[in-house]
Amino acid sequence: MEIIKINSKGQIVIPQKIRNEFEITKDSILALDKMKNHIIIKKVDSDLINQIERSLKDIKAGRIKEWKG
């Protein structure tokens, strides 16, 4: 367990040891969630974000049509 402090802007610093373990860099995307009285921070897979962005561009360009199953 790591103990951290929130600064006056509401920001936290993720300790280097944890950033290294999860390969979190300055461009990493993190998701924040809550579960009862816990705050959960998850690293988002950048490949998934890229796939979603490409899909949205394809939809906007008309290369993907709405699926009617």
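In this predicted model, glutamine 51 is found in helix H2, which spans residues 46–60. Glutamine 51 is partly exposed, because its relative accessible area is 43% and partly exposed residues fall between the buried limit of 20% and the exposed limit of 50%. Alanine 61 follows 10 residues further along the chain. The C-alpha atoms of glutamine 51 and alanine 61 are separated by 15 Å.

Salt bridges were examined next. The structure holds two. One joins arginine 63 to aspartate 58, with the closest N and O atoms 2.8 Å apart. The two partners fall into separate accessibility classes: arginine 63 is exposed at 57%, whereas aspartate 58 is partly exposed at 24%. The value for arginine 63 is over the 50% cut-off, so arginine 63 counts as exposed. Aspartate 58 is not under 20% and therefore does not count as buried. A salt bridge also links the side chains of aspartate 27 and lysine 26, at 3.5 Å from N to O. Here both residues, aspartate 27 and lysine 26, are exposed.

The surface also carries a nonpolar patch. It is formed by Ile4, Ile6, Ile12, Leu30, Leu32, Ile39 and Ile41. Together these residues have about 680 Å² of accessible area. Two elements give two or more residues each to this patch: strand S1, residues 30–35, and strand S2, residues 38–43. Isoleucine 6 belongs to the patch but is found in the segment before helix H1, which covers residues 16–21. Its relative accessible area is 55%, so isoleucine 6 counts as exposed. Leucine 30, another patch member, lies in strand S1. Leucine 30 is partly exposed, with a relative accessible area of 34%. This value is over the 30% that patch residues need, so partial exposure does not keep leucine 30 out of the patch.

Leucine 30 can be set against a residue of the other strand. Isoleucine 40 is found in strand S2. At 23% relative accessibility, isoleucine 40 is partly exposed. Patch residues need over 30%, so isoleucine 40 does not qualify. Leucine 30 and isoleucine 40 are 10 residues apart in sequence. Their C-alpha atoms are 10.0 Å apart in space.

Pocket analysis returned to several of these residues. The largest pocket has a volume of about 440 Å³. Its lining comprises 16 residues, of which Ile4, Ile12, Ile14, Ile39 and Ile41 are the closest to the centre. S1 and S2 are the elements that give two or more residues to this lining. S2 gives the most, with five residues. By class, the lining has 13 nonpolar and three charged residues. No polar residue takes part in the lining. Ile4, Ile12, Ile39 and Ile41 are also members of the nonpolar patch. Strands S1 and S2 likewise recur, as the elements that give two or more residues to the patch and to the pocket lining.

Backbone geometry was considered in the loops. Glutamate 23 is found in the loop between H1 and S1. Although not a glycine, glutamate 23 has a positive phi of about 55°. Glutamate 23 is exposed, because its relative accessible area of 60% is over the 50% cut-off. Lysine 36 has its place in the loop between S1 and S2. Its phi is near 55°, again a positive value in a residue other than glycine. Lysine 36 has a relative accessibility of 83% and so counts as exposed.

Asparagine 37 also lies in the loop between S1 and S2. Its relative accessible area is 68%, so asparagine 37 counts as exposed. Asparagine 37 and glutamate 23 are 14 residues apart along the chain. Their C-alpha atoms are separated by 27 Å.

Note on methods. Residues are numbered from 1 along each chain as its sequence is written. This is a predicted model: local features need pLDDT of at least 70, side-chain atom pairs count only at pLDDT 80 or more; totals for chains, interfaces and linings use all residues. Side-chain values use heavy atoms; hydrogens and water are left out. Patches are made of residues with over 30% relative accessible area and no salt bridge: like charges are joined within 9 Å, nonpolar side chains (Val, Leu, Ile, Met, Phe, Trp, Tyr) within 5 Å. Accessible areas come from the Shrake-Rupley method with a 1.4 Å probe; for residues, only the protein chains shown count as cover. A salt bridge is a side-chain nitrogen of Lys or Arg within 4 Å of a carboxyl oxygen of Asp or Glu. Helices (H or I, at least four residues) and strands (E, at least two) are DSSP runs, numbered from the N terminus. Buried means under 20% relative accessible area, exposed over 50%, partly exposed in between (1.4 Å probe, protein chains only). On a 1 Å grid over the protein atoms alone, a cavity is a set of points where a 1.4 Å probe fits but cannot get out, and a pocket is an open set with protein on both sides within 12 Å along at least five of seven lines; lining residues have an atom within 4 Å of a point. Grid points are joined across faces, edges and corners, and a volume is the space filled by probe spheres set on the points. Ala, Val, Leu, Ile, Met, Phe, Trp, Tyr, Cys and Pro count as nonpolar, Asp, Glu, Lys and Arg as charged, and the others, Gly among them, as polar.
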